[in-house]
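Here is a set of questions and answers on a structure, written for a reader who works with coordinates and contact criteria. Each answer reasons briefly and closes on the value or name that was asked for.

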Amino acid sequence: MAGNPVIALRRWLSVSPHPRIFSRPMAKSSPRPKKSKPARSAPATRSKSAPRGDGARTRRTRLPDADTVWSMYRKMVEIRSFEEHVWDVYTRGLMPGLAHLYIGEEAVAVGACTALRTDDYITSTHRGHGHCLAKGARLEGMMAEIMGKEAGYCRGKGGSMHIADMSVGNLGANGIVGGSFGIATGAALSAKLRKTDQVAVCFFGDGAANQGILMEAANMAVIWNLPVIYLCENNQYGEHTPFEAVTGVKEIVDRAKGFGMDGERVDGADVLAVLEVIRRAVDKARKGGGPTFVEAVTYRFKGHHVGDAAGYRTKEELAWWMDNKDPIQLLARDMLKAGVATDEQLLAVQEQVEVEVIAAVEFAREAPYPAPEQAFEDVYS
Amino acid sequence: MTATATAKPTREITFREAICEAMAEEMRRDEAVILIGEDVGKSGGIFKCSEGLWAEFGSNRVIDAPIAEEGYVGLSVGAAMTGMRPIAELMFGDFALLTMDQLVNQAAKIRYMTGGQCKVSLTVRLSMGAGRSSAAQHSQSLHALFAHIPGLKVAIPSCPRDAKGLLKSAIRDDNPVLFFEDKLMYNDLGEVPEQEYLIPLGQADIKRPGSDVTLVATSSMVGLSLEAAEVLAAEGIEAEVVDVRCLYPLDADTIVASAKKTGYAIVIDEGAARYGITGELASVIQERAFDWLDGPVLRIAAADVPIPFSPVLELPTIPDVARVVDAVRSLRG
Ligand SMILES: Cc1ncc(C[n+]2csc(CCOP(=O)(O)OP(=O)(O)O)c2C)c(N)n1
Ligand SMILES: [Mg+2]
């Protein structure tokens, strides 16, 4: 990136060379794509003309303090860059198994985890790299795990879908859709019984929202007033199926009422809005106010996993989300507007992050595989 | 190692009381131990195994759960991963089938999948066994399903003394342990030491020494085998009864040594015959004791049908003393 950094940034934004941090330039205002899917009723906080998924968007006039904003920006860029490199590592045949990428959804994990302390808990999903990084996982350990190396978080036993980092309260991603409702709620029960003021955040998808154990766990969270936040990442699809086709409510947050729980719906592309909503829920939970259900409306910019061409959605739909709902670009715009950042500074962060991620890839490539005998370790403690 | 080789003072209590004492002692000893299940609180449980615990420990530690087995077992897994030692009670073992994802996909694997980052210090107590006219959904003995799963431990005691000592070990264990209690044994009386004691998981116990045939049995089948041994003794056949006590870890050495000594082995278990415990143990014996055996290793187990309701139908589907005696006679005849 020699020469004028601003020009370099713009080029990076628009032509998206490898590494493809920003997938396409953000249009000033593009028309909402014509969709075949049923329209949904708008919540009170949303104007009639707002596009699908532009949830309870509440733009702040004032940003949080500069440190927080910068660290959220950096973390989102880190996740984006990491995921682009996972794509690359996958397509170059450097990793075994599958990878579900979080590109486009970064604001949910980063907004939520920014509201948490290190000793708070999260549970993650098969699409979990973003959650793990946002909760404080190191790039090297993540990439090494994804490549099945000894230096990985799980010493090569878990891979992309099972990264956990108990030292920072990350109780693990889960290969079972809906598999962590019990674990997150149990961690909240444990926090309450141990009389700590820890809080647990359970990330799950729109698809997982249809698993029965959600109702069981949520009910217990309500009757026992547990410090847990159920954070539904409604990215519009479960694998290839649009959520409307398999979900009996127009907005998943509507289920909160049935659980007897407070519910909030938030624009999942707006990291500031996510931060605000989760902060409120966390404060409430810490003070003994019990659980909250949050639906973050978001979109995945890539297929279900690397290699899924996503033929089940239109190019126009994808383009609309990428143009209007890229969480990194939205925050960058706010930062520029508020004078918190300059183009040069934003670019510098991207460059630093890129260097770090490339170093992590190199570290992981060179790291040794575990000894085969380790297959027999850690079955029992 | 025999069950009665202790000179220390004992007293007679029921199997139920042994379970209750084990939980109470462990809850007194360690604040992290909690009990969660349906009706376990003030009412003391439908089998009365937690009588008095709610009064002593309060509703924060003796927790009445909603009827949501997958949910509260799932919560127990999460609590176990974060510093608690939950005991989850499933009133009927049949209901464990609703919790399979939590136990098999989550509890059994989380430590392994995360490279040893956590411990799942969870005990699941569940009842088993037919013979109460409870029909096919309240009578199953499903321990083989769990013994099949790497990451789980399975204890299956046969008497009050073992129940208490094994349950205390299970609660202290840092792994998920499934603890199977035969419903028909809750009222059985047995000698239990006055003083505190533990029985480690993974030690079989010779409940009756003998020289002529080995009866390898689990849970209530141990009592049945002891009865059969009395009948056989009258015929001059001395049966050795080996109580397996734990399906995993399995004390294969004790079982195999006994089979080598007597030259004949029969495995008796109340689970269904096919692909079950009896087949597994018969296999272990023949693999390691083949050259010492004077006949095939026989299996006696529940019939390959769902458990029927009417006693006339139900009783023939589960092992009885006559079948054990006949099997021994057929081997030695
Ligand atoms: C119990 C279970 N059923 C099905 C699957 C296969 N599967 C993996 S991801 C997925 C879609 C999940 O959708 P959602 O919860 O919306 O999460 P997203 O992939 O959109 O992030 C499915 C069906 C699974 N892993 N586990
Ligand atoms: Mg989805």
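Q: In strand 3 of chain A, which residue is the bridge partner of A:Val201?
A: This is a predicted model, and the pairing is read from it. Strand 2 of chain A, residues 200-205, is joined by six bridges to strand 3, residues 228-234, and the two strands run parallel. Within strand 3, A:Tyr230 is the residue opposite A:Cys202, while the bridge partner of A:Val201 is A:Ile229.

Q: What is the order of the strands in the open sheet of chain A?
A: The edges of the sheet are strand 1 (121-123) and strand 6 (262-267) of chain A, each of which pairs on one side only. From one strand to the next the twist averages 20°. The sheet has five strands with parallel pairing, and their order is 1-2-3-7-6.

Q: Why is strand 3 of chain A described as largely enclosed by the rest of the structure?
A: In a regular strand the side chains alternate between the two faces of the sheet. On one side of strand 3 of chain A, the buried residues are A:Val228, A:Tyr230, A:Cys232 and A:Asn234, and on the other side A:Ile229, A:Leu231 and A:Glu233 are buried too, which leaves both faces covered. Strand 3 of chain A is therefore largely enclosed, the number of its residues that are buried being seven of the seven.

Q: What angle does the direction of helix 10 of chain A make with that of strand 7 of chain A?
A: Helix 10 of chain A, residues 271-286, packs on the sheet, and the strands it touches are strand 3, strand 6 and strand 7 (292-297) of chain A. The angle between the direction of this helix and that of strand 7 of chain A is about 170°.

Q: Which element of chain A gives the most to the side that touches chain B?
A: The contact takes 33 residues from chain A and 35 residues from chain B. On the side of chain A, the elements that give two or more residues are helix 6 (181-193) and helix 7 (212-223). That side divides into 18 nonpolar, 10 polar and five charged residues. With 10 residues, the element that gives the most is helix 6 of chain A.

Q: How many of the residues in the shell around ligand 1 are charged?
A: Ligand 1 is surrounded by 14 residues, of which the closest are A:Val177, A:Gly205, A:Gly207, A:Ala208 and A:Gly238. Divided by character, the shell holds four nonpolar and seven polar residues, and the number that are charged is three.

Q: Why does the radius of gyration of chain B agree with that of a compact globule?
A: Along its principal axes, the C-alpha trace of chain B spans about 60 × 45 × 40 Å. Among contacts in chain B between residues at least 6 apart in sequence, 80% join residues at least 24 apart. A compact globule with 333 residues would have a radius of gyration near 20 Å, which agrees with the value for chain B, 19 Å.

Q: What percentage of the 381 residues in chain A are buried?
A: The secondary structure of chain A comes to 13 helices and seven strands. Of the contacts in chain A with a separation of 6 or more, 76% are accounted for by residues 24 or more positions apart. Buried residues make up a share of chain A equal to 54%.

Note on methods:
Residues are numbered from 1 along each chain as its sequence is written. Chains are lettered from A and ligands numbered from 1 in the order in which they are written. This is a predicted model: local features need pLDDT of at least 70, side-chain atom pairs count only at pLDDT 80 or more; totals for chains, interfaces and linings use all residues. A residue is near a molecule or strand if its C-beta atom, placed from the backbone, lies within 6 Å of it. Ala, Val, Leu, Ile, Met, Phe, Trp, Tyr, Cys and Pro count as nonpolar, Asp, Glu, Lys and Arg as charged, and the others, Gly among them, as polar. Two residues are in contact if their C-beta atoms, placed from the backbone, lie within 7 Å. Helices (H or I, at least four residues) and strands (E, at least two) are DSSP runs, numbered from the N terminus. Two strands pair if DSSP finds at least two bridges between them. Axes are lines fitted to C-alpha atoms, for helices over the stretch in contact, and angles run from 0 to 180 degrees between N-to-C directions. The radius of gyration is taken over C-alpha atoms; the globule rule is 2.2 Å times the number of residues to the power 0.38. A residue is buried if 20 or more other C-beta atoms lie within 10 Å of its own, exposed if 12 or fewer, and partly exposed in between; C-beta atoms are placed from the backbone.
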